[in-house]
Amino acid sequence: MKSETCFSKKNGEPLSQYYTQLDAEEAATFIKENYQSSLIAYECNKCEYWHLTPKSRHTPSIECHSCFDGSGHRKQAYLTEKGALQRAQILNLQSSLHLRVYECMFGNGWHLTKT
Ligand SMILES: [Zn+2]
Ligand SMILES: [Zn+2]
């Protein structure tokens with residue numbers, strides 16, 4: 001089933017949506033077997049269904065069109081809270097930063113911020 005609200009950042013095509021994590025994971029398994037591409041299922045903050053995203057992007061993120069960081073760059077928005085937390089953990093280990101995860105007030109995902 002194609003989403004009416006969510007579109008691919010790459011080609012503008014509507015994303016496939018799944019009602020449950022199980023449905024999405026079954027689709028990901030089918031795609032892996034038939035097309036050799038690894039996808040992971042994530043719960044969409046926007047439509048509350050499940051979509052698939054390439055696995056190579058370990059912590060899938062997009063550019064938020066509404067939020068900017070201190071230097072005027074668009075903030076990265078993570079699609080899932082878990083992805084944002086994973087990213088924060090990596091960055092916190094690599095540096096002395098203490099990053100915190102918060103939900104984008106425009107509903108574009110999850111952001112990281114310095115405490
Ligand atoms: Zn969606
Ligand atoms: Zn935002």
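**Zinc site and nonpolar cores**

The zinc ion (ligand 1) is coordinated at 2.1 to 2.4 Å by four side chains, namely Cys6 through SG, Cys44 through SG, Cys47 through SG and His51 through NE2. These positions are taken from a predicted model. The angles among the four donor atoms run from 98 to 115°, and the site of the zinc ion (ligand 1) is tetrahedral. Along the chain, the donors of the zinc ion (ligand 1) are spaced as C-x37-C-x2-C-x3-H.

Two of the zinc ligands were examined for burial. His51 has a relative accessible area of 0% and is buried. Cys44 has a relative accessibility of 10%; because buried means under 20% relative accessible area, Cys44 also counts as buried.

The donors Cys6, Cys44 and Cys47 are also members of the largest nonpolar core, which has eleven residues. The other members of this core are Leu15, Tyr42, Ile62, Cys64, Cys67, Ala77, Leu79 and Cys104. Strand β5 (residues 61–68) supplies the largest share of the core, with three residues. Residues of the core come from both domain 1 (2–54) and domain 2 (61–114), and the core therefore lies between the two domains.

Within this core, Cys104 is in contact with Cys64 and Cys67. Further contacts of Cys104 are made with Gly109, Trp110 and His111, neighbours within four places in sequence being left aside. Another core, of eight residues, lies apart from the largest one; among its members are Ala24, Ala28, Ala41 and Leu52.

Note on methods. Residues numbered from 1 in each chain as written. Chains lettered and ligands numbered in written order. Predicted model: local features only at pLDDT ≥ 70, side-chain atom pairs only at ≥ 80, totals over all residues. Heavy atoms only, no water. Donors = N, O, S within 2.8 Å, 3.2 Å for Na, K, Ca; no water. Tetrahedral: all angles 85-135°; square planar, octahedral: opposite > 155°, others 65-115°. Buried < 20%, exposed > 50% of the residue type's maximum accessible area, 1.4 Å probe, protein only. Core = buried A, V, L, I, M, F, W, Y, C linked by side-chain atoms within 4.5 Å. Helix = DSSP H or I, 4+ residues; strand = E, 2+ residues; numbered from the N terminus. Domains from an automatic or database assignment. Contact = heavy atoms within 4.5 Å.
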